[in-house]
Amino acid sequence: MKRTWLTVTLVIGLCISPAMADDLAKFQEDSRAVVKDMVSRLGGALQKEMKAHGPAAAIKVCKDLAPAITSELSRRTGMRVTRVSLKTRNPLLGSPDAWEQKVLQDFAVRAEKENPATLEYAEIVTEPQGKFMRYMKSIPVQDVCLKCHGSPETIAPQVKEQLATEYPHDKAVGYSINQIRGAFSIKKALSER
């Protein structure tokens, strides 16, 4: 299993203890469950709104519901849960830190040879505030995403207008199918042993 191999290689490369390797594996498993929950809740609401009122109205789901879900998941799990992108729609909520930027760039390269929907990465990092377990899962562009994230020439006028209203600093357009639009990012402090 490729993901396990990447994690094991990383763990060995960092010379961390078996207990820390177990912590990272458990964190990665928990992070996958959080992402699955987020995708299910946000995706369901987005599809429902798109069917009922179209893509322009569905922008509110991403703008309002996505931050509410990430906030609730962060409180419930004790992990920082967010979505980030190199081309942000809302720079206050979606700007990646240096570690996230590196992983997003790696995802973009890997997406050329691997299935973009399966890209993930987990690592233990040392930051000025301490050691953290970090996880990211790619958000690849699907056909439905192009209604709001596609080429500016193909986005419907009412969607462009709504995007300009809701996101005056929007840079999250110009994507095509299977590009990496961003990632779910999860961070948890590593308790010292």
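**View 1. E72 and its partner R41.** E72 is partly exposed, with a relative accessible area of 22%, and R41, at 33% relative accessibility, is likewise partly exposed (buried means under 20% relative accessible area, exposed over 50%, and partly exposed in between, with a 1.4 Å probe and protein chains only). The two residues form a salt bridge whose closest N and O atoms are 2.8 Å apart, a salt bridge being a side-chain nitrogen of Lys or Arg within 4 Å of a carboxyl oxygen of Asp or Glu. This pair links distant parts of the chain, since E72 belongs to helix α3 and R41 to helix α2, 31 residues apart. The model is a predicted one, in which local features need pLDDT of at least 70 and side-chain atom pairs count only at pLDDT 80 or more. Residues are numbered from 1 along each chain, and side-chain values use heavy atoms, with hydrogens and water left out.

**View 2. The packing of α2 against α3.** Helix α2 (residues 18-53) and helix α3 (residues 55-77) pack at an angle of about 160°, their axes lying 9 Å apart. That angle makes α2 roughly antiparallel to α3 (angles under 35 degrees count as roughly parallel, over 145 as roughly antiparallel, 65 to 115 as roughly perpendicular and the rest as oblique).

**View 3. Salt bridges around R134.** R134 meets E100 in a salt bridge of 3.3 Å, N to O, and forms another with E127, where the closest N and O atoms are 3.1 Å apart. E100 and R134 are both buried, and E127 is buried as well. R80, D97, E100, E127, R134 and K187 are linked in a network of salt bridges.

Terms used: Axes are lines fitted to C-alpha atoms, for helices over the stretch in contact, and angles run from 0 to 180 degrees between N-to-C directions. Helices (H or I, at least four residues) and strands (E, at least two) are DSSP runs, numbered from the N terminus.
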